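Reader: Please take a close look at one part of this model, namely the pairing of its strands. Carry the account on from there to the pockets and the bound ligand.

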Amino acid sequence: MSTNLTIDIAANGVATLTMNRAERHNAFDDHLIEEMTEALLTLDKHADVRVVVLAAAGKSFSAGADLGWMKRMASYSEAENLADAKKLAHLMHVLDKMSKPTVGAVQGPAYGGGVGLVACCDMVFAAPEAMFALTEVKLGLIPAVISPYVVRKIGASHARRYFISAERFDAKAALAFGLVHEIVPRDEVLVAATSWAAQLLNNGPQSMAAAKKLAADVADRPICDELNHDCAQRIATQRVSAEGQEGLTAFLEKRAPNWVKQ
Ligand code: COA
């Protein structure tokens with residue numbers, strides 16, 4: 001079992017993945033990146049898991065990339081640096097593309113890549129103490145691999161400001177930008193995230209996966225005949241699916257659908 005990451009799978013199907021490198025403010029080096037990527041891929045395939053909560057131990061949610069590890073990478077070739085950066089890009093991609101719902105429990109500050117993780121979650125609860133900053137330019141770096149996810153979440157206007165200023169912004173600002181969705185007291189963040197995750201167990205697992213993909217695929221696309229056809233095709237497929245039929249039948253028969261554990 002890794003010491004950097006803990007995985008808890010509750011009997012109801014809510015899994016909690018906790019970054020556990022508190023003494024380094026959950027900064028991620030190559031080991032943690034690999035462990036998190038593998039854990040997310042495993043949880044996405046795990047038959048007993050329906051929702052994934054991403055949490056962190058200690059004071060900070062994540063201090064982003066491990067700066068000691070980044071510094072050491074200077075002695076590696078450009079090809080090695082590129083391959084290494086792609087591992088972080090892959091982690092962001094895997095989290096972003098999880099077919100299961102992901103809920104961020106952000107109990108403290110998030111910097112750099114930590115903001116990237118937050119931007120890749122579907123729903124985010126944050127504590128008032130959860131300050132955010134894209135500090136890369138202070139370090140002579142750029143928030144490159146996280147940029148597609150952060151720009152998509154907070155918009156190009158805020159991204160331009162915060163990418164170049166490296167200013168800290170608080171949870172209230174993050175709420176206004178859509179980076180986080182609810183602010184709750186620090187000691188209630190994890191409970192709020194897992195309770196919200198448990199509510200999702202009432203929803204069809206495959207419909208949630210299809211709905212999540214729908215929201216991602218439709219965003220920023222021009223509304224045209226092709227898009228309308230694509231959307232019509234998706235609902236046509238879903239309503240005749242086993243899950244669609246079960247949901248409709250259960251409603252008409254005034255009973256719970258078969259994915260709800262009694
Ligand atoms: N990578 C590697 N180590 C980190 C780290 C990071 N991103 N962030 C913090 N640490 C380490 C510190 O170097 C320190 O190590 P030490 O005990 O060996 O000196 C330890 O974690 C504790 O950090 P410290 O700075 O003493 O704690 P703090 O509470 O005063 O401040 C932070 C915490 C997170 C605000 C501060 O460490 C910080 O600004 N870190 C950099 C965050 C950042 O810019 N990340 C973006 C990376 S692209």
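Author: Two strands are taken to pair if DSSP finds at least two bridges between them. The model is a predicted one. With that criterion, strand β7, residues 132-133, pairs with β8 in the antiparallel sense, over two bridges. One of the residues concerned is A133, whose bridge partner in β8 is R168. These two strands belong to an open sheet of three strands with mixed pairing, in the order β5-β7-β8. The edges of this sheet are β5 (110-111) and β8 (168-169); each has a single partner strand, so one side of each is left without a neighbour in the sheet.

A second open sheet is built from six strands, in the order β1-β2-β3-β4-β6-β9, and its pairing is also mixed. Its edge strands are β1 (5-9) and β9 (182-183), each of which pairs on one side only. Within this sheet, strand β4 (residues 102-106) runs parallel to strand β6 (residues 123-126), and the two are joined over four bridges. At one position in this pairing, G104 stands opposite V124 in β6.

The pockets come next. The largest pocket has a volume of about 770 Å³. Its lining consists of 30 residues, and those closest to the centre are A65, L67, M70, E136 and L141. Helices α2 (67-72) and α3 (78-96) each supply at least two residues of this lining. The largest share, five residues, comes from α2. By class, the lining of the largest pocket holds 18 nonpolar, six polar and six charged residues.

The ligand has 13 residues around it, of which K59, A63, A65, L67 and T135 come nearest. A65 and L67 are thus named twice: they are among the residues nearest the ligand, and among those closest to the centre of the largest pocket. A65 also makes a polar contact with the ligand, as one of its polar backbone atoms is 3.0 Å from a nitrogen atom of the ligand. T135 contributes through its side chain, where an N or O atom is 2.6 Å from an oxygen atom of the ligand. H25 likewise uses its side chain: a polar atom there lies 3.1 Å from an oxygen atom of the ligand. On its own, the ligand has 860 Å² of accessible area, and the protein covers 58% of that. The shell around the ligand is made up of six nonpolar, two polar and five charged residues.

The second largest pocket contains about 450 Å³ of space. It is lined by 17 residues, and D96, D122, K212, K213 and A216 lie nearest its centre. Helices α5 (147-154) and α9 (205-218) each give at least two residues to this lining. The helix that gives the most is α9, with six residues. The range of α9 takes in K212, K213 and A216, which are among the residues nearest the centre. In this lining, eight residues are nonpolar, one is polar and eight are charged.

To return to the strands: the antiparallel pairing of β7 and β8 rests on two bridges, and the parallel pairing of β4 and β6 on four. The former pairing lies in the sheet ordered β5-β7-β8, the latter in the sheet ordered β1-β2-β3-β4-β6-β9.

Terms used
Residues numbered from 1 in each chain as written. Predicted model: local features only at pLDDT ≥ 70, side-chain atom pairs only at ≥ 80, totals over all residues. Heavy atoms only, no water. 1 Å grid on protein atoms, 1.4 Å probe; cavity = no way out; pocket = protein on both sides within 12 Å on 5 of 7 lines; lining within 4 Å. Points joined across faces, edges and corners; volume = space filled by probe spheres on them. Nonpolar A, V, L, I, M, F, W, Y, C, P; charged D, E, K, R; others polar. Near = heavy atom within 4 Å. Polar contact = N/O pair within 3.5 Å; in protein donor to acceptor, adjacent residues only side chain to side chain. Areas by Shrake-Rupley, 256 points an atom, 1.4 Å probe, with all protein chains shown as cover.
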